[in-house]
Every structure is written in C-alpha cells, then in structure tokens.
Amino acid sequence: MNPRIVIMTTSPKSLRSFLQAQIQFLVSEGFDVHTISSPGKELDECRRNVSVPMHEIAMQRRISPFADFLALLRLSWKLRRLRPAIVHAHTPKAGLLGMIAASMARVPIRIYTINGLRSSTCPGLRRAVVTAAEKLSCSLATDVLCVSDSLRQEAVALGVCPPFKARTLGHGASHGVDTRTFDPDQRNSVDRRRIRSRYGLPQDALVLSYIGRIVRDKGILELSAAWRVLRAEFPNLWLFLCGTPESADPVSPDVLRALRDDPRVSFTGETVGDMPAVYAASDVCVLPSYREGLPNVALESQAMRVPIVATRITGTVDAIRDGATGFLVEPRDPAALVAALKLLIQDGPLRFRMGVAGRAFVSQHFLEHRVSELLAEDYRRLLAVGYALTCQ
C-alpha cells in the first residue's frame, strides 16, 4: 500500500501557484497524495491539472476564533477518516490548525514548512499572538522545514523552533523554479511586446518591475520614494507594478494615489497568470521587502536573466548573490535603493552579465525537480524511521 500524504495550505492559490508540479512528482514516486485547502476557483483549476483527491475545508487567513474552531473540528475529523502517514502543512494558518488537528488524529509524522515569519514585522500585541501561534505549530510538528537557511537561523534565534527540529532541504525553497517554463530563450521578444502593449508600457522604454502584493511589508513606501528620484533623472524609465493592494497590510492611500496618477507607472490591477512573459517584458526587478522566507520573485527573475535589487533581509540573502546576480541594500532605505538601481539602469552590459549569472545560479541550486526529489527522499527517510520505531 502506498504511503498516504496529506498536503495542506490555507488558500488553494498556494496549491495552484506553487505545489502542483511537486504533487505530480510525488504521485509519480508512488505516494498516495491528498490535499486540503479552502475552496475557491483556484482549487477547481488544480483539479483539472492534478489527479489527486482535493478536500475543501474553509480556513481564514486572519485570526477568527469561531471560524478557526470549526475548521479545526473539520480537519480533525477529515484526518481521522484519511489516516495519513504524513501531514505536511504550508502557510501559517494551515500550519497551526493542521498541526493541532494532526496531533488530535494521532498522525505519526507532522511536517510544518515555515515560508516566512510573519511575527518579525507585526507590532505590539499582534506580534505576541502571532509568535505564540508559530511556536505552537512548531512544537506540535515532528519536523519543521525552513525554506532557507537564514530563515532557519532566525526561527531558532527567536525561539520559534528548537534547533534540533528545524531543517532546510538542500539550498532551500518550498518548490523551486521550473527553468523550462522560466526560460528567456523561449519567452523572448514576442512576449515582451505583448505584455508591454497590454499594459501601456512603451516598447523602447527601460522597465523597472515590482512583482508581488501591493502591501506595506513589501516596501512600497520606499519604492515610491525611490521612484520619484529615478523618474526625474531617467525620462525613458517606466515602473511596472504587477500585483494588487490588500486590506490586511494596506499601503498609505496617498502613496497609492501618487503612483496611480503617474503616467509612467503601470499597474496590472490583476493577478497575471503568465509570469514568464512579465519577466520577459522587464529590464530590472526590484523587491524592497521587510520580510521574506525565500522570495520566489528573486529566483524567477534570475531564471529569466533579469537582474534584481532587493533588501538584505532573511531569505533574500540566500536567493541573490550580491554583486553577482543582483544587488542587496539595507531595508527601509530609499537612498540605497536608488543608488543600486541606478547602477543597473545606466549599465546595459552589467544587466546582461548579472542576468547570465543569475540563471546559472538558480539552475545550479533551485531547480524545481531537484527540490521535489529532496522532499520525496525526506518523506521516505521519515517513513523508514517511523517504521523502525514501531518494530522496536
């Protein structure tokens, strides 16, 4: 009988965007994979792409005691019915509820993947609550996987997870990058023209792209301040904001209004499905974030030979080679952001060299297939250890 694995995420978007290929690989390796997530259109898309049982249990991203209690009861009942050998939870709320429910259902192997520490940027009482939730998830997990080594070090240093339990597989990543999909030799001038035309970006402009949620923690305030300096100095420079604002961590209305009113700033206003084409339309990427685990944007942009400027924080220090594949600057420092971006804006050959180095770096350390192989190997090791213990 194939070992049963239940993979949990709070949102079906995480399954669709990040874990589909990994699930397909695990099935090909002989695992009986089930998923649990909240319902949504993304889950319907996943069902069309991946032939595994996908169970729907509504989970709120934000703290909601009554809804969380109902979700916990449903999760516990579902896991008792499924009787998996492993429950592997991603995302904070699925991690918390999943580890509690898996413990209640006596699942022998309980894995929680930390993709980032939300508590690191939370204020006051909310920080204490979020930290307590992260500690509880880790305490109930039998194994804790961190998507980067710097994240593992931070989780241990903050007392979120004991050092004997926290691990990073290989060089990190939750799923890695498919360099066949993110291939600049395949996604070239046709995609570049199409995306630029769709979003009103001049074909001859130099495009600075930000890709991600339009929220405060991503450094949008600093990006806006840096943009005001850069746009005055480089009349052929355009800013491309690929993402949507969120109410959970809102950017100041004044900042958003100034960006929306700028004729040289283009918003997608939607989630773009064809991300390789977005990178093909970009000349430089920027990620001025305050908090990361291992930023997928950094890995994807480098795979597409697009150099990136990001902040020197947990996660980005693992994803970017400073001075070789991009630049790292101190967070919350618009002047440092301007200085690094100017180097790439002014120097085409430098952009090219860093782009080539970036793709080589990602291909060597963060291939999607290799990340899936490492995870399958880890599952087998944990199952073998569990079997040996039951035989004693």
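**Exercise 1. Work out which classes of residue line the largest cavity, then describe that cavity.**

*Solution.*
Step 1. Sort the lining by class: the largest cavity has seven nonpolar, seven polar and no charged residues. This is a predicted model.
Step 2. Find the volume. The largest cavity holds about 130 Å³.
Step 3. Look towards the centre. The lining has 14 residues, and Thr113, Leu145, Leu169, Ala173 and Ser174 are the closest to the centre.
Step 4. Link the lining to secondary structure. Strand β6 (143-146) gives at least two residues, and so does helix α15 (368-390).

**Exercise 2. State how many cavities of 30 Å³ or more the structure holds, and describe the second largest.**

*Solution.*
Step 1. Count. There are two cavities of 30 Å³ or more.
Step 2. Give the volume. The second largest cavity has about 40 Å³ of space.
Step 3. List the lining. Glu222, Pro288 and Thr311 belong to it, together with Val329, Glu330, Pro331, Arg332, Asp333 and Leu337.
Step 4. Sort by class. Four lining residues are nonpolar, one is polar and four are charged.
Step 5. Set the two linings side by side. Charged residues number four in the second largest cavity, whereas the largest cavity has no charged residues.

**Exercise 3. Describe the second largest pocket: its volume, its lining and the helices that supply it.**

*Solution.*
Step 1. Start with volume. The second largest pocket contains about 350 Å³ of space.
Step 2. Turn to the lining. It has 18 residues. Nearest the centre lie Arg192, Ser282, Met304, Arg305 and Val306.
Step 3. Name the elements that give two or more residues. They are α7 (189-198), α10 (275-280) and α14 (348-365).
Step 4. Find the largest share. Helix α14 supplies it, with five residues.
Step 5. Sort by class. The pocket lining has eight nonpolar, five polar and five charged residues.

**Exercise 4. Analyse how helices α4 and α5 pack.**

*Solution.*
Step 1. Locate the helices. Helix α4 covers residues 92-104, and helix α5 covers residues 124-140.
Step 2. Give the geometry. Their axes come within 9 Å and cross at roughly 35°. The crossing is left-handed.
Step 3. Name the contact residues. From α4 come Gly95, Leu96, Met99, Ile100 and Ser103. From α5 come Ala133, Leu136, Ser137 and Leu140.
Step 4. Sort by class. Six contact residues are nonpolar, three are polar and none is charged.

**Exercise 5. Explain why the chain counts as being as compact as a globular protein of its length.**

*Solution.*
Step 1. Count the elements. The protein chain has 15 helices and 13 strands.
Step 2. Compare the radius with the rule. The radius of gyration is 21 Å, close to the 21 Å that the globule rule gives for 392 residues, so the chain is as compact as a globular protein of that length.
Step 3. Add the outer dimensions. Along the principal axes, the C-alpha atoms fill a box of roughly 70 × 45 × 35 Å.

Note on methods. Residues numbered from 1 in each chain as written. Predicted model: local features only at pLDDT ≥ 70, side-chain atom pairs only at ≥ 80, totals over all residues. Heavy atoms only, no water. 1 Å grid on protein atoms, 1.4 Å probe; cavity = no way out; pocket = protein on both sides within 12 Å on 5 of 7 lines; lining within 4 Å. Points joined across faces, edges and corners; volume = space filled by probe spheres on them. Helix = DSSP H or I, 4+ residues; strand = E, 2+ residues; numbered from the N terminus. Nonpolar A, V, L, I, M, F, W, Y, C, P; charged D, E, K, R; others polar. Axes fitted to C-alpha atoms, helices over the stretch in contact; angles between N-to-C directions. Left-handed = near helix turned anticlockwise from the far one by under 90°. Contact = heavy atoms within 4.5 Å. Rg over C-alpha atoms; globule rule 2.2 N^0.38 Å.
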